Amino acid sequence: MSTSTLRYRRWPPAFALCLAALLSACAAPAPEPPDVSATVDAGFRHAPDLVASVDTTWWRGFGDEALIALVERAQAVNHDVRIAQQRVRQARAGQTAAASRLGPTVSLTGSASDERSGLPDRVKQGKPDTRAYRGALELGWELDLFGAVRAGADAAELDALSADDAVDVARWMVSSEVARQYIVWQGARLRLAKLEALLKAQVDTERLTRSREAAGLASRFDVARAAGEVQSLAAQLPPLRTFAAVTETHLAVLVGANPNQPLRELEESAPPALPKPPSLSAGQPVDLLMRRPDLRVAQQQLLAEAARLRVAHADRWPKFFLAAVLGRQDLRLNALDLTPVGYSSAALAFTMPLFDAGRLRAAVERQSAQERMATLQFEKAVLGAIKDVDDSLVALSQDRDRLTALAASVEQRRTGLRHAESLHREGQIDLLQLLDAQRAVLASELSALDGQTQLALSTVQLATAVGGGWPSTQGAGPASPVASRTTPLPSPESESQP
């Protein structure tokens, strides 16, 4: 590195400051967000007619107060959300530090000294006693002639915006997971309640069969068959109870609660019932760019890498620095008090790379590859988001068709069971045939229950895929890539509260 310093004794500090402002005005503009709307299809493949946007609070459409309370509680206190909020604090501090380099650094310095030699007066003429008081303002400024400092500040601001959007990602994901776990929990409770009711009915059937066997109207095979059905149903209960308990503790962790303590929202919930899925629309594929926070994170990361590429390019050019001092001193020599005087100085320096064995060129190449990777990752994220919505639309459509068929199957099986019970009372069929009819009804009812659960889960999947569940910016237009955000964060005092 070669450094040359030019000093101008006649330049006043004000002139140097004006020169600094003119040079720093040459910084390059901030990067613009990529426009991918032209490459996105006008509609989804499996839902070309759906154009309405999803409600950002889609979980309220289920009409389940416990679900609403759990989701909103999780969005406020979930640990992933709170961790993401602290990353925002960290990123904003880095943004402030990077932006501070755009302006000058001004510091106040002062000193007081008193030197006494103790020598005779005739000797002090060559080495006098001195007392000095000095005070000065010192200014230092890197003049951003080629935009390196501005680009670094833009990159730091985009990192802060990305961290801001990451909080929305955390809320978006936790809303989906809480809804999914709650639906699974309710489905397990319903399945458990149905199996317990059927077990009770099967116990009654076993007792009746034993009575008929004692009267000579049934065989021991019938008794063993009925007892086997009782044990088979009883064996299905422990895994379901375990599953329901594990799901409940998972919900507790999601809402930041102690898993050893019961959740208030679940204790206050009504008897087991699956929440009714609301009607959702997918909107347009381009809407995902404004609704899905993960896409906004990918976009901000791309812009940040582009800004860092500008830094790498600018590092190959000279850097200019300004230093200025404006001060005043009060000096005393032996017993002579001198009149306080002011002093000032200004210096302009530059440093320019001459030979670095290819280090700066390699830095540009490395950052160029990083920027290209971020571009490809953003494009991949957009395609993945469209795929998520298309897959969710297919799943939701097929789950509705499946549930319709399962509901019809349940009605047919129940009709068959009523005929079987009538025939069994009249002695036209044996117990084995009646039990077969009962098992068929049980299997169809459980399949229908699974179908209802899956339909609700598919609705949650679609709501998540289209970007519901976070404060959408749709309708406000695309945000500036380096515009400041004002997402409120909890204070350190509130962060310590449960």
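Helices here are DSSP runs of H or I with at least four residues, strands are E runs of at least two, and both are numbered from the N terminus. You're working with a predicted model, where local features need pLDDT of at least 70, side-chain atom pairs count only at pLDDT 80 or more, and totals for chains, interfaces and linings use all residues. Residues are numbered from 1 along each chain as its sequence is written, and side-chain values use heavy atoms, with hydrogens and water left out.

**Exercise 1. Find the helix that holds H424, decide whether H424 is buried or exposed, and list its contacts.**

Step 1: Look for H424 in helix α10, which covers residues 359–425.

Step 2: Sort by relative accessible area: buried is under 20%, exposed is over 50%, and partly exposed is in between (1.4 Å probe, protein chains only). H424 has 15% relative accessibility, so it counts as buried.

Step 3: Now for contacts, meaning heavy atoms within 4.5 Å. Leaving out residues up to four places away in sequence, H424 touches R212, I429, D430, L431 and L434.

**Exercise 2. Do the same for E177, then say how far E177 is from V71 in sequence and in space.**

Step 1: E177 sits in helix α5, residues 148–214.

Step 2: Its relative accessible area is 21%, so E177 is partly exposed.

Step 3: Skip residues up to four places away in sequence, and E177 touches H250 and L254.

Step 4: Between E177 and V71 you count 106 residues of sequence separation, while their C-alpha atoms are 8.9 Å apart.

**Exercise 3. How many aromatic pairs are there, and how are the rings of F146 and W317 arranged?**

Step 1: Grab the rule: rings of Phe, Tyr and Trp (its six-membered ring) pair if their centres lie within 6.5 Å; planes under 30 degrees apart are stacked, over 60 edge-to-face, and the rest tilted. That gives five aromatic pairs.

Step 2: F146 and W317 are a stacked pair, with 5.6 Å centre to centre and 20° between the planes.

Step 3: F146 is in the loop between β3 (130–143) and α5, and W317 is in the loop between α9 (293–314) and β4 (319–333), so this pair ties together parts 171 residues apart in sequence.

Step 4: Check exposure. F146 is partly exposed at 37%, and W317 is partly exposed at 49%.

**Exercise 4. Which arrangement do F320 and F350 show, and which strands hold them?**

Step 1: The F320 and F350 rings are 5.9 Å apart, centre to centre, with 35° between the planes, and the pair is tilted.

Step 2: F320 belongs to strand β4 and F350 to strand β6 (residues 341–352); the two residues are 30 apart, and their pair links distant parts of the chain.
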